[in-house]
Number of protein chains: 2
Amino acid sequence: MKAKVYVSLKPGILDPQGKAIQHSVELLGFTGISDVRQGKYFEITLPDSADQEQARESVARMAREVLSNPIIEDYRVEIEG
Amino acid sequence: MKAKVYVSLKPGILDPQGKAIQHSVELLGFTGISDVRQGKYFEITLPDSADQEQARESVARMAREVLSNPIIEDYRVEIEG
């Protein structure tokens, strides 16, 4: 069973790394980009025997407590078969 | 229009950062985790007037040429309304 966790900065939090990427891609000739924001992505492999609801809860707790900073970041959890 | 780019290490490429995260969450009491891999996630905002097919092509080129290292990383592009 695979769990995917996406962590991104909350709206309104400045993202200098995203701005730097936007500036770079503009210099490289990509036009018409209004904004770039960078986040993190985690792929967590769990045993196939794990209970899906329990896995979702455990991974959400992990995302909240370890993988993200809830003051400035939002997270999203997806569980795949 | 929003484009999302997910960049992850190719299977088989060692991910010491993911291993460190796995070790940490195990120390914190999360059990039954077989593997953790870390990737990157980019949210790119494009003008709503942009053509969807053209946007997908442009963002895929950006993912290939700028946002990922195609030797060790895979990327996935999603376009949202």
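## How chains A and B meet

Chain B and chain A touch through 31 residues from chain B and 31 residues from chain A, contact meaning heavy atoms within 4.5 Å. This is a predicted model, where local features need pLDDT of at least 70, side-chain atom pairs count only at pLDDT 80 or more, and totals for chains, interfaces and linings use all residues. Residues are numbered from 1 along each chain as its sequence is written, chains are lettered from A in the order in which they are written, and side-chain values use heavy atoms, leaving out hydrogens and water.

Let's start with symmetry. Turn chain B by 180 degrees, with 0.0 Å of shift along the axis, and chain B superposes on chain A with an RMSD of 0.0 Å (least squares on C-alpha atoms of residues with pLDDT of at least 70 in both). The two copies are thus related as by a two-fold rotation axis. The same surface serves both, as 100% of the contact residues of chain B recur in chain A.

Now the makeup of chain B's side, by class:

| Class | Residues on the side of chain B that touches chain A |
|---|---|
| Nonpolar (Ala, Val, Leu, Ile, Met, Phe, Trp, Tyr, Cys, Pro) | 16 residues |
| Polar (the others, Gly among them) | seven residues |
| Charged (Asp, Glu, Lys, Arg) | eight residues |

What about salt bridges? The rule (a side-chain nitrogen of Lys or Arg within 4 Å of a carboxyl oxygen of Asp or Glu) finds zero across this interface.

Finally, the strands (DSSP E runs of at least two residues, numbered from the N terminus): β2 (residues 35-45) of chain A pairs with β2(B) in the antiparallel sense over eleven bridges, pairing needing at least two DSSP bridges. There, Gly39(A) stands opposite Tyr41(B).

Terms used: Helix = DSSP H or I, 4+ residues; strand = E, 2+ residues; numbered from the N terminus.
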